[in-house]
Amino acid sequence: MNLSHYYTLGNSGLRVSRLALGTMTFGTDWGWGSDKDTARGLFNAYVNAGGNLIDTADMYLNGNSEQWVGDFVKERGLRDQLVIATKFGFNPNPTNPNGGGNSRKNIMRAVEGSLKRLGTDYIDLYLLHCWDQMTPVEEVMRTFDELVRSGKVRHVGLSNVPSWYASRAQSIAEFRGYESVCTLQLSYSLVERSIENEFTALATRYGMDTMVWSPLGGGMLSGKYKPSEAGKYGEGRLQVMQGNPAFAKFSERNFAIVAEVESVAKALGRSMAQVAVNWVANRPGVATVLIGATKQAQLDDNLQALDFSIPAELLARLDAASAVEPTYPYTYFTPAVQNQVVGNHPLQDKHAGYAPPILIPGANAAAGNE
Ligand SMILES: NC(=O)c1ccc[n+]([C@@H]2O[C@H](COP(=O)([O-])OP(=O)(O)OC[C@H]3O[C@@H](n4cnc5c(N)ncnc54)[C@H](OP(=O)(O)O)[C@@H]3O)[C@@H](O)[C@H]2O)c1
């Protein structure tokens with residue numbers, strides 16, 4: 001098991017396991033997830049396997065997830081050994097306009113609640129959960145910096161933001177001497193590759209490593225949902241949440257990707273979940289992947305995802321099945337246009353130690369850079 005192989009997170013010195021434990025399933029109030037005993041078992045199995053990164057958020061199960069994470073860490077006496085990541089931004093009291101979002105007032109309110117529920121006096125990684133489209137990025141970065149200086153927070157990150165926002169946040173941090181962003185928590189999987197257009201470069205060039213969420217597309221890539229069973233898939237989050245657009249994964253395109261994952265998994269003698277997690281964990285810019293599990297057997301399966309390598313020819317099949325057609329302006333970064341820009345002098349690969357070329361899906365595969 002490769003859980004005790006630690007990467008530094010982005011431009012920080014914080015060392016994290018390449019597989020993290022996601023806890024959006026700690027509680028059953030949302031209609032899917034685990035009861036407390038099961039959640040405790042998942043937590044203990046993860047840390048016993050050498051894992052050190054636990055991800056939660058103040059809004060998960062309305063605070064229940066943070067509370068249970070705090071309880072389990074305390075039971076095991078592991079506070080110093082673990083890296084606890086949590087997030088703020090979703091509004092638990094919609095009648096209060098300052099009860100959510102990214103303002104200083106809300107961040108300062110939210111951090112106190114998270115510290116209390118987690119039963120700790122510091123958060124290792126504090127993340128903005130979702131851009132609110134109104135708070136100036138300067139206010140967020142200055143508040144983050146104040147939290148780090150006060151000792152309540154060690155490192156900061158962003159989730160679900162546009163790339164221009166992350167880039168501006170990092171530039172402000174750099175030029176004003178604020179704590180910089182060390183990670184972007186983003187959805188990335190064989191059924192969701194849109195971050196490759198912009199965020200891979202932010203990770204590999206500007207120190208904001210990707211922390212992947214939903215590596216299985218909410219369970220889709222595990223292979224347990226089959227088109228022949230449409231509408232009655234048995235137990236599982238995507239079955240329970242059918243009709244909710246946020247969980248709409250049962251498309252023809254996704255089932256075609258699932259079929260290729262199944263074929264590759266058979267060739268490797270591995271589970272489909274392991275193949276899907278392995279693929280995303282080894283993409284450029286990815287530091288760590290948040291594993292979600294509602295059952296012990298799922299976690300045991302997923303924790304073996306880094307114990308093997310996917311050979312190049314099988315990787316090429318996965319890439320081809322899941323590739324996204326470039327849209328404008330990314331069409332301008334494909335070889336067809338770039339050859340007209342750089343003439344007979346294309347970008348040369350530099351030797352190890354230099355920043356790699358920016359990876360544009362499709363374009364780089366065609367150019368032989370992937
Ligand atoms: N920043 C954000 O906005 C954001 C958003 C979402 C998640 N996250 C974080 O990312 C973590 C992971 O996200 P996710 O739960 O969506 O990840 P995921 O890996 O895409 O989906 C996990 C779900 O798939 C099913 N599953 C997992 N392993 C399986 C296996 N081996 N065989 C069959 N089914 C399996 C389980 O659901 P069922 O048993 O219900 O089928 C499990 O809860 C979360 O816990 C949270 O910490 C962050």
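Strands β7 and β8 run parallel and are joined by 4 bridges, and this pairing is a convenient place to begin reading the structure, which is a predicted model. Within the pairing, S159 stands opposite Q185 in β8, so that a reader who finds these two residues in the 3D view can follow the strands from there. On its other pairing, β7 is joined to β6 by 5 bridges, and these two strands also run parallel; here I123 has V153 of β7 as its bridge partner.

How well covered are these strands? Strand β7, which spans residues 153–159, is mostly covered, with 6 of its 7 residues buried. For β8, 7 of the 7 residues are buried, and therefore the strand is largely enclosed by the rest of the structure. When looking along any such strand, it helps to remember that in a regular strand the side chains alternate between the two faces of the sheet.

A single residue can make this picture more concrete. V156 is found in strand β7, and because its relative accessible area is 0%, below the 20% under which a residue is called buried, V156 counts as buried. Leaving out residues up to four places away in sequence, V156 touches L125, Y126, F144, V148, E179, S180, V181, C182 and T183. One of these, Y126, is 30 residues apart from V156 along the chain, yet the C-alpha atoms of the two are separated by 4.9 Å.

Moving to strand β6, which covers residues 123–128, we find D124. Is D124 buried or exposed? Its relative accessibility is 6%, and because this lies under 20%, D124 counts as buried. The side chain of D124 makes a polar contact with the side chain of R79, at 2.9 Å. Apart from neighbours within four places in sequence, D124 is in contact with R79, L82, V83, I84, R154 and H155, so R79 appears both in this list and as the polar partner just described.

From D124 we can turn to Y188, which is 64 residues apart from D124 along the chain, with 23 Å separating the C-alpha atoms of the two. Y188 is placed in the loop between β8 (181–187) and α6 (199–206), and although it belongs to a loop, Y188 is buried, because its relative accessible area is 2%. The side chain of Y188 makes a polar contact with the side chain of E196, at 2.6 Å. Not counting residues up to four places away in sequence, the residues that Y188 touches include R193, I195, V212, W213, S214, P215 and W279.

S214, one of the residues touched by Y188, leads us towards the ligand, since S214 is listed with D55, K224, R237 and T294 as the closest of the 32 residues that surround the ligand. Those surrounding residues divide into 9 nonpolar, 17 polar and 6 charged, and helix α10, residues 296–302, gives the most to the shell, with 3 residues. Which atoms come close to oxygen atoms of the ligand? A polar side-chain atom of D55 lies 2.6 Å from an oxygen atom of the ligand, and a polar side-chain atom of R237 likewise lies 2.6 Å from a ligand oxygen atom, whereas in G218 it is a backbone N or O atom that lies 2.7 Å from an oxygen atom of the ligand. Taken on its own, the ligand has 900 Å² of accessible area, and the protein covers 94% of it.

The last stop is the backbone itself, where a few residues deserve a closer look. Most residues other than glycine have a negative phi, and most peptide bonds are trans. S214, in the loop between β9 (209–213) and α7 (237–240), has a phi near 55°, a positive value in a residue other than glycine. N62 also has a positive phi, near 55°, and is placed in the loop between β4 (53–55) and α2 (64–76). N62 is exposed, because its relative accessible area is 64%, which is over 50%. Finally, a cis peptide bond joins Y328 and P329, with omega about 5°, and P329 is placed in the loop between α11 (312–322) and α12 (335–342).

Key. Residues numbered from 1 in each chain as written. Predicted model: local features only at pLDDT ≥ 70, side-chain atom pairs only at ≥ 80, totals over all residues. Heavy atoms only, no water. Buried < 20%, exposed > 50% of the residue type's maximum accessible area, 1.4 Å probe, protein only. Polar contact = N/O pair within 3.5 Å; in protein donor to acceptor, adjacent residues only side chain to side chain. Contact = heavy atoms within 4.5 Å. Near = heavy atom within 4 Å. Areas by Shrake-Rupley, 256 points an atom, 1.4 Å probe, with all protein chains shown as cover. Nonpolar A, V, L, I, M, F, W, Y, C, P; charged D, E, K, R; others polar. Pairing = 2+ DSSP bridges.
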